[in-house]
Amino acid sequence: SWPTHARMGAFRGLAYAQPKRAPKRLIDALGGDEPLFRDMAAQLVAETSGTGATMAYANALSSLPAEGQAALLRGLAGRGDAAARPAVARAVSSPDKQVKLAAVKALGVLGGKADVAILTELLASGDAGIADAAKASLVAMQGEGIDPAIAAIVPSAAPAVRAQLLELLANRRAEQAVPLSVKALGDGGQVTMPLTETFFANAFGMLVDRFGVGWMVIAPKPM
């Protein structure tokens, strides 16, 4: 038999030389029991393009073993084609940790405002890896309506989750971050300087929270 490096080189070459046959070859490798070929297949999923191929991968996702699903999810995230989003979102409910984690991370690239609620729920996960990945994905997601969707959850969220949502809104530089922070910190306390625009900030305010701790809240003007 051929050495592994030669087989892998031929596998990569065929994926590019015969693009119409590539999806089946890559799916077969993802479902196989050779980790090196599984990882290369995931890399090739990310490198190649075509919505038709994306749908083939998305449709095959749930039929693969856990290791193959996790690898394919990494590939779909690298591919960046939003056509795979529904399949990725369904994989977030997987009972397998590695699949769930890969799906949560992939939503950071492929997700949209419809995925904000499920990622927010995972902020309270007992699994620190899942919770951290959900937070990172909420910070990274791009697209219209994401900041308002996050902000809408803040008032009803549990205190620990609310704090994380306020932090990630700030990290996203969302316009909702400052007024929501003032409202949350001022609950039971006293606003000593209402939010106002200044020469150095789009919004600046001061307050004392219910524990007597003073806060200055600022939304800096762009440099």
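Student: Two strands pair if DSSP finds at least two bridges between them. On that basis, how many strands form the sheet, and in what order?

Tutor: The model is a predicted one. In it, 3 strands make up an open sheet, ordered S1-S2-S3, with antiparallel pairing.

Student: Which strands stand at the edges?

Tutor: S1 and strand S3 (214-220) do. Each has a single partner strand, so one side of each is left without a neighbour in the sheet. From one strand to the next, the twist averages 5°.

Student: Over how many bridges do S1 and S2 pair?

Tutor: S1 and S2 are paired over 4 bridges, in the antiparallel sense. Within that pairing, Met 193 has Met 206 of S2 opposite. The connection from S1 to S2 is a hairpin of 4 residues.

Student: And over how many bridges do S2 and S3 pair?

Tutor: The antiparallel pairing of S2 and S3 runs over 7 bridges. One of the residues involved is Ala 203, whose bridge partner in S3 is Ala 219.

Student: Where does Phe 200 lie?

Tutor: Phe 200 belongs to the loop between strand S1 (190-196) and strand S2 (201-208). With a relative accessible area of 37%, Phe 200 is partly exposed, because the partly exposed class covers values between 20% and 50%.

Student: Which residues form the nonpolar patch on the surface?

Tutor: Phe 199, Phe 200 and Ile 218 form this patch, and together they have about 350 Å² of accessible area.

Student: What about the other loop, the one between S2 and S3: which residue there should I look at?

Tutor: Consider Val 213, which is located in that loop. Its relative accessible area is 39%, so Val 213 is partly exposed. Apart from neighbours within four places in sequence, Val 213 is in contact with Leu 207 and Val 208.

Student: How far is Val 213 from Ala 71?

Tutor: Their C-alpha atoms are separated by 48 Å, and the two residues are 142 residues apart along the chain.

Student: Changing topic to charges: how many salt bridges does the structure hold?

Tutor: There are 8 salt bridges in the structure. In general, side chains of opposite charge can pair when their charged atoms come close.

Student: What is the distance between the closest N and O atoms of Glu 34 and Arg 7?

Tutor: The closest N and O atoms in the salt bridge of Glu 34 with Arg 7 are 3.1 Å apart. Glu 34 is in the loop between helix H2 (22-30) and helix H3 (35-47), whereas Arg 7 is in helix H1 (residues 4-17), so this pair ties together parts that are 27 residues apart in sequence. Glu 34 is partly exposed at a relative accessible area of 34%, and Arg 7 is also counted as partly exposed, at 30%.

Student: In which helix do Lys 24 and Asp 28 lie?

Tutor: Both are in helix H2, 4 residues apart, which is about one turn of the helix. Their side chains form a salt bridge with an N to O distance of 2.9 Å. Lys 24 counts as exposed at 58% relative accessibility, while Asp 28 is partly exposed at 46%.

Student: What of Asp 147 and Arg 172: how do their side chains meet?

Tutor: They meet in a salt bridge, at 2.5 Å from N to O. Asp 147 lies in helix H10 (residues 146-153) and Arg 172 in the loop between helix H11 (159-171) and helix H12 (177-186), so the pair ties together parts that are 25 residues apart in sequence.

Student: Is Asp 147 buried or exposed?

Tutor: Asp 147 is buried, with a relative accessible area of 19%, since the buried class requires a value under 20%. Arg 172 is buried as well, at 16%.

Student: And Arg 173: what is its phi?

Tutor: The phi of Arg 173 is near 55°, a positive value in a residue other than glycine. Arg 173 is in the loop between H11 and H12, and it counts as exposed at 73% relative accessibility.

Student: One last residue: where does Ser 94 lie?

Tutor: Ser 94 is found in the loop between helix H6 (85-91) and helix H7 (97-110). A relative accessible area of 15% makes Ser 94 buried. Not counting residues up to four places away in sequence, Ser 94 touches Val 99 and Lys 100.

Methods
Residues numbered from 1 in each chain as written. Predicted model: local features only at pLDDT ≥ 70, side-chain atom pairs only at ≥ 80, totals over all residues. Heavy atoms only, no water. Patch = residues over 30% accessible without salt bridge, like charges linked within 9 Å, V, L, I, M, F, W, Y side chains within 5 Å. Areas by Shrake-Rupley, 256 points an atom, 1.4 Å probe, with all protein chains shown as cover. Salt bridge = Lys/Arg side-chain N within 4 Å of Asp/Glu carboxyl O. Helix = DSSP H or I, 4+ residues; strand = E, 2+ residues; numbered from the N terminus. Buried < 20%, exposed > 50% of the residue type's maximum accessible area, 1.4 Å probe, protein only. Axes fitted to C-alpha atoms, helices over the stretch in contact; angles between N-to-C directions. Contact = heavy atoms within 4.5 Å.
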